[in-house]
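Me: Hi! Could you walk me through this structure?

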Amino acid sequence: KYAVFDGRARRMEYWMFTLISTLVSLAIGFAGGRLGWSQHTITTVAVVYMLFVLLPSLGVAVRRLHDTGRSGWWLLIAAVPLIGAVVLLVFALQDSEHGSNDYGANPKTSFA
């Protein structure tokens, strides 16, 4: 689901994506330091990785919001310093909306 913005994503899908992405980012910095790369090279590799995962990050975040019954436009609240990040964190931690909603069937109960 590289750039899929429709449907729903369970908490586990969202948080596993976030965990793996964070670990890869840390590994880039650690490996670059151990290999003696310059700070410029580490930064360049990190930026390339961030650009590579930009669409999947947005996609899984939008699908997570859909799973809680919210529009993907709620991602724009992140533009509000600190409060926006806290609101999105609370939304990401919430349980799925039971049953089907406007964005599809509950992924916890559908096995397709």
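Reply: Sure, here is a short chat about two helices, a core and one arginine. This is a predicted model, where local features need pLDDT of at least 70, side-chain atom pairs count only at pLDDT 80 or more, and totals for chains, interfaces and linings use all residues. Residues are numbered from 1 along each chain as its sequence is written, and side-chain values use heavy atoms, with hydrogens and water left out.

Me: Great. At what angle do H1 and H4 pack?

Reply: Helix H1 (residues 11-34) packs against helix H4 (residues 83-93) at about 130°, and their axes are 9 Å apart. Helices here are DSSP runs (H or I, at least four residues), numbered from the N terminus. Axes are lines fitted to C-alpha atoms over the stretch in contact, and angles run from 0 to 180 degrees between N-to-C directions.

Me: And what do we call that arrangement of H1 and H4?

Reply: H1 and H4 are therefore oblique to each other (under 35 degrees is roughly parallel, over 145 roughly antiparallel, 65 to 115 roughly perpendicular, the rest oblique).

Me: Which residues meet there?

Reply: From H1, Arg11, Tyr14 and Trp15 meet Leu89, Ala92 and Leu93 of H4; contact means heavy atoms within 4.5 Å.

Me: What else does Tyr14 touch?

Reply: Not counting residues up to four places away in sequence, Tyr14 touches Val60, Ala61, Arg64 and Ala92.

Me: New topic: is Arg10 buried or exposed?

Reply: Arg10 counts as partly exposed because its relative accessibility is 35% (buried is under 20% relative accessible area, exposed over 50%, partly exposed in between, with a 1.4 Å probe and protein chains only). Arg10 lies in the segment before H1.

Technical notes: Helix = DSSP H or I, 4+ residues; strand = E, 2+ residues; numbered from the N terminus.
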